[in-house]
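Let's walk through this fold one piece at a time. Have the viewer open and follow along.

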Amino acid sequence: MVLRQARSEDVATLPGIEQSAGALFRTLPDLAWLADAGNLAEARYRELVAGGWCWVAEDNAGRPCAFLAAEPVADELHVC
């Protein structure tokens, strides 16, 4: 697996990855509500990628398979 900063062409894949990851919360009763929480809008992902606050993990075929999106809030890093 390769970790790298996200690029604009990755943005279209991020909502699907987020939805897939969120579905795993259905297995945890106290966190199941997260599975139905809304994904970030594609425009928001574009902002985070453009600002350099999004990183992706690529699978062996070079496709994004996981990501982390974050942003600075005051003196902390907020994971979106």
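Which residue in β4 is the bridge partner of P72? That partner is L77. Before going on, some ground rules: this is a predicted model, where local features need pLDDT of at least 70 and side-chain atom pairs count only at pLDDT 80 or more, while totals for chains, interfaces and linings use all residues. Residues are numbered from 1 along each chain as its sequence is written, and side-chain values use heavy atoms, with hydrogens and water left out.

Back to that pair. Strands β3 (residues 64-73) and β4 (residues 76-79) run antiparallel and are joined by 4 bridges; two strands count as paired if DSSP finds at least two bridges between them. Together they make a hairpin with 2 residues in between. A74 sits in that loop, and its phi is near 55°, a positive value in a residue other than glycine. For context, most residues other than glycine have a negative phi. A74 is also exposed, because its relative accessibility is 78%. The cut-offs for that scale are under 20% relative accessible area for buried, over 50% for exposed, and partly exposed in between, with a 1.4 Å probe and protein chains only.

Now zoom out. The chain holds 2 helices and 4 strands, ordered β-α-α-β-β-β along the sequence. Both kinds of element are DSSP runs numbered from the N terminus: helices are H or I with at least four residues, strands are E with at least two. The C-alpha trace spans about 35 × 35 × 20 Å along its principal axes, and 26% of the 80 residues count as buried. Take the contacts (heavy atoms within 4.5 Å) between residues at least 6 apart in sequence: 48% of them join residues at least 24 apart.

W55, in strand β2, gives you a concrete case of distant parts of the chain meeting. Its C-alpha lies 4.8 Å from that of A6, although the two residues are 49 apart along the chain. Leaving out residues up to four places away in sequence, W55 touches R4, Q5, A6, A66, F67, L68 and A70. W55 counts as partly exposed because its relative accessibility is 32%.

Next, look at helix α2 (residues 42-50), whose buried residues are Y45, L48 and V49. They lie on the same side of α2 because they cover an arc of only 100° around the axis, the arc being that of the directions from the helix axis to the C-beta atoms. An α-helix has 3.6 residues a turn, so residues three or four places apart point the same way. What covers the buried residues of α2 includes α1, β2 (54-58) and β3. On the other side of α2, A43 and A50 are exposed. Just after the helix, G52 takes a positive phi of about 80°.

Finally, the largest pocket, which holds about 230 Å³ of space. A pocket here is an open set of points on a 1 Å grid over the protein atoms alone, where a 1.4 Å probe fits, with protein on both sides within 12 Å along at least five of seven lines; lining residues have an atom within 4 Å of a point. The volume is the space filled by probe spheres set on the points, which are joined across faces, edges and corners. Helix α1 (residues 14-23) supplies the largest share of the lining, 5 residues. Among the lining residues are I17, F25, L34, N39 and F67.
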